[in-house]
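This report describes a single protein for a reader who has not met it before. The sequence and the model are shown first, and the description follows.

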Amino acid sequence: MIRDKSAKKPAKDAPEKAAEKKAAPAKASFRRERALIKRGVWPIAGCDEAGRGPLAGPVVAAAVILDPDRIPRGIDDSKRLTAEEREKLFDKICATAQVSVAVASPARIDRDNILRASLWALKRAIVALPEPPRHVFVDGRDRLDTSCDCEAVIGGDGIVLSIAAASIVAKVTRDRLMCALALDCPGYGFEQHKGYGVPEHLDALDRLGPTIHHRSFFAPVAAARAKHMPWTVEPVRDLFEVAEVEVLVETTVEIDASAGL
């Protein structure tokens, strides 16, 4: 039997490469929105936020109602896109869809905590839409207290196209805000890291101290505040401290002269 030596043997790593291709995440789709549209549900909004993790700057939430007949190509989870791609898609989304944005300031984050501030901003973004939606898709685990149906989708920015569009709007808006804050607060590098806790930002915090745009109760910020502004840090009271109690004892005794002692 003569074997054809020209026939290529399958590469040993072929199964691994095939697995890598299968593991590649699928792009967000408009499938869930179309299913609702077929049932007569419209408008449908997607909402997402940007900026939960940073040490400085606001949380920015966005809500988007895509036009089914004018959906820009290339929309996907903002984290999968380059800054240039996000900027281009931001303009296209704003030109073809209904869009709203809401901002939760560092002061609100300090007051309410980051989760509540994010949910507050998301709800505000939905209320600010030009047309009230009948169904809302929100990224994450938490449903919003809205007047319409709200569906929370874990990893929704990579699954639901409306959420992906909102993630792009929120991300680009927040990045632009942080670049503006960089002009107001030089030396922190906000234009580069957008407020996240990278080594350069931590170093600037240690050298310069926090600004009004930092989130006071995030640990690195609290440490920098204690170093540069110790008078603003309230001392923690020891609950097990034994307090000294002063007891006054009346020692004067009145003697009745008629007692006949």
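In this predicted model, Cys-94 has a relative accessibility of 37%, and because the partly exposed class lies between the 20% limit for buried and the 50% limit for exposed, Cys-94 counts as partly exposed. Cys-148, by contrast, has a relative accessible area of 15% and is buried. Cys-148 takes part in no disulfide, since the nearest cysteine sulfur, that of Cys-150, is 6.9 Å away and a disulfide requires sulfur atoms within 2.5 Å. The structure as a whole holds zero disulfides.

**Overall layout**

The protein contains nine helices and five strands. Along the sequence they follow the pattern α-α-β-β-α-β-α-α-β-β-α-α-α-α. Of the 261 residues, 40% are buried. Among contacts with a separation of 6 or more, 64% are between residues 24 or more positions apart.

**Helix α3**

Helix α3 covers residues 83-96, 14 residues in total. From the first C-alpha to the last it reaches 20 Å, close to the 20 Å expected at 1.5 Å a residue. Its buried residues are Arg-86, Leu-89, Phe-90, Ile-93 and Thr-96. Seen down the axis of α3, these buried residues fall within an arc of 150 degrees, so they line one face of the helix. In general, an α-helix has 3.6 residues a turn, so residues three or four places apart point the same way. On the other side of α3, Glu-84 and Ala-95 are exposed. The cover over the buried residues of α3 includes β2 (59-65), β3 (98-104) and α6 (161-184).

**Strand β4 and its partners**

How many of the five residues of β4 are buried? Five of the five are, so the strand is largely enclosed by the rest of the structure. His-135, Phe-137 and Asp-139 point one way from β4, while Val-136 and Val-138 point the other way. Strand β4 is joined to both β1 and β5, as the table sets out.

| Strands joined | Bridges | Direction | A facing pair |
|---|---|---|---|
| β1 and β4 | four bridges | parallel | Gly-46 and Phe-137 |
| β4 and β5 (residues 149-153) | five bridges | parallel | Val-138 and Ala-152 |

**The nonpolar cores**

The largest nonpolar core has 25 residues, of which Cys-47, Ala-63, Leu-122, Ile-126, Val-136, Val-138 and Leu-144 touch the most other members. At least two residues of this core come from each of β1 (44-50), β2, β3, α5 (114-127), β4 (135-139) and α9 (219-228). Helix α5 gives the most to this core, with five residues.

Which residues surround Ala-63, leaving aside its neighbours within four places in sequence? Ala-63 is in contact with Gly-46, Cys-47, Gln-98, Val-99, Ser-100, Ala-125, Ile-126 and Leu-129. A second, separate core comprises 20 residues, including Leu-66, Leu-161, Ala-164 and Val-172.

Two of the elements described above also meet in this account of the interior: β2 and β3 help to cover the buried residues of α3, and β2 and β3 each supply at least two residues of the largest nonpolar core.

Key
Residues numbered from 1 in each chain as written. Predicted model: local features only at pLDDT ≥ 70, side-chain atom pairs only at ≥ 80, totals over all residues. Heavy atoms only, no water. Expected span 1.5 Å × (residues − 1). Buried < 20%, exposed > 50% of the residue type's maximum accessible area, 1.4 Å probe, protein only. Arc of directions from axis to C-beta. Contact = heavy atoms within 4.5 Å. Core = buried A, V, L, I, M, F, W, Y, C linked by side-chain atoms within 4.5 Å. Pairing = 2+ DSSP bridges.
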